[in-house]
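Me: I should like to go through this model in a series of questions, beginning with its strands and ending with its interior.

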Amino acid sequence: MEAPPEAGWARLKLATASICGTDMHYYRHFANAGFYLDHPLTMGHEACAVVDDPNGADLAPGQVVAINPVINCGRCERCATGDINMCATKRFPGSATTKPHINGFFRERFDFPARCLRPVADDLPPDHVTFAEPLACALHAVNRGGVEAGMAVLVTGCGPMGLLATVGAHARGADVTVTDLKRPAIDAAIAVGATTGHVLGDDGIDQLSDRFDVVIEASGAPQAYNQALDAARKQGTVAILSLIQPSPVPIDLHRNALKEITSIGSILYTHEFEDAVALIESRSVDFEAITAGRFSVSETAAAFALMDSGDAVGKVLIEGA
Ligand SMILES: [Zn+2]
Ligand SMILES: [Zn+2]
């Protein structure tokens, strides 16, 4: 007999999960952003699930839920102000930042705190709902960067996070330009709201200098930070959405000073998880255009191989049975 879920946790069946850049770092290096795994664990923190056993929570079996993977403490000063991403004792599945580690969502069934589950309409495709967590991260960077309607915004890098930043900035009414090394990734960005795209290397980026109110760095390439400082207008803002890994690349801090650029970090999200679910519920985003492939849980290795190939445009999804 399987043990029942612990108090306050519901038992879930995976509907759809998606692979994050963070998962790829653990896959390749057993580490991410300087955090090393203590032991092997199941990865995955982006998912949509179906309630199997509510375990006393106000949820019905069969209910489809978006999962907010941030298990904040709910008691500290930061939690009181809603800044759950700053909670010092928050826990996060599939991550070396949480010790002991909590297994993630790339499996058929798992338990998770009921308070982290957000019910959604049954007819909302789970393949779209799994975007809630990464979209929330992107919306947080959009908010941290102060993106407003009518602003000129540059998103550097059209990986999944850059694409979702494009979705968020476009939803905010900004005029979005994107850069990437690959044309198909730029085409995907245009499908979800970018106005203009530049293939780095082909088009040249001189024309991008000093133009943008906000630059959202989503490529993760350390040198892209210097390009972002160049592309921002005087007194503009550079918001770092990507998790730039520890690196010895020199940073052009003189540009930061001379142009009075506000350079701002962004990690996870606060109220943006709810905003992301609402945006998915609006059914206004073409998530199919930013879905690279679909795999079953038993094909997770192939899903990672596709991500690892660098050929995927958009999110790679892992679907439950
Ligand atoms: Zn993620
Ligand atoms: Zn807390």
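The exchange below concerns a predicted model.

Me: Which residues of strand E5 are buried on each of its faces?
Reply: In a regular strand, side chains alternate between the two faces of the sheet. Strand E5 spans residues 64–67, and both of its faces are covered. The buried residues are Val64 and Ala66 on one side, and Val65 and Ile67 on the other.

Me: In which sense does E5 run relative to strand E4, and which residue of E5 stands opposite Cys48?
Reply: Strand E4 covers residues 46–53 and is joined to E5 by three bridges. The two strands run antiparallel, and the residue of E5 opposite Cys48 is Ala66.

Me: Which residue of strand E7 stands opposite Val65?
Reply: E5 is also joined to E7, residues 117–119, by three bridges in the antiparallel sense. Opposite Val65 in E7 stands Pro119.

Me: Do strands E9 and E10 pair in the parallel or the antiparallel sense, and what is the handedness of the unit they make with helix H6?
Reply: E9 (residues 175–180) and E10 (residues 196–199) pair over four bridges in the parallel sense, with Thr177 opposite Thr196. Together with helix H6, residues 183–191, these strands make a β-α-β unit. Its handedness is right-handed.

Me: Which helix gives the largest share of the largest nonpolar core, and where does this core lie?
Reply: The core holds 94 residues, and among those touching the most other members are Ala132, Leu135 and Ala138. Its largest share, eight residues, comes from helix H4, residues 132–144. Domain 1 (9–130 + 286–319) and domain 2 (135–265) both contribute residues, so the core lies between them. The helix asked for is therefore H4.

Me: Which residues does Ile216 touch, leaving aside those up to four places away in sequence?
Reply: Ile216 is one of the residues that touch the most other members of the largest nonpolar core. In soluble globular proteins, nonpolar side chains tend to be buried together. The contacts of Ile216 are Ala141, Val142, Gly145, Val153, Val155, Ala165, Ala169, Ala239 and Leu241.

Me: Why is helix H9 described as largely enclosed, and which elements do its buried residues pack against?
Reply: Helix H9, residues 272–281, has seven of its 10 residues buried, so the rest of the structure largely encloses it. The buried residues are Glu272, Phe273, Asp275, Ala276, Val277, Leu279 and Ile280. They pack against E5, E7, helix H3 (126–129), H4 and helix H5 (160–171).

Me: Which residue with a positive phi follows H9, and what is the value?
Reply: The residue is Arg283. Its phi is near 55°.

Note on methods: Residues numbered from 1 in each chain as written. Chains lettered and ligands numbered in written order. Predicted model: local features only at pLDDT ≥ 70, side-chain atom pairs only at ≥ 80, totals over all residues. Pairing = 2+ DSSP bridges. Right-handed = clockwise from strand over helix to strand, strands pointing away. Buried ≥ 20, exposed ≤ 12 C-beta atoms within 10 Å, placed from the backbone. Core = buried A, V, L, I, M, F, W, Y, C linked by C-beta atoms within 7 Å. Domains from an automatic or database assignment. Contact = placed C-beta atoms within 7 Å.
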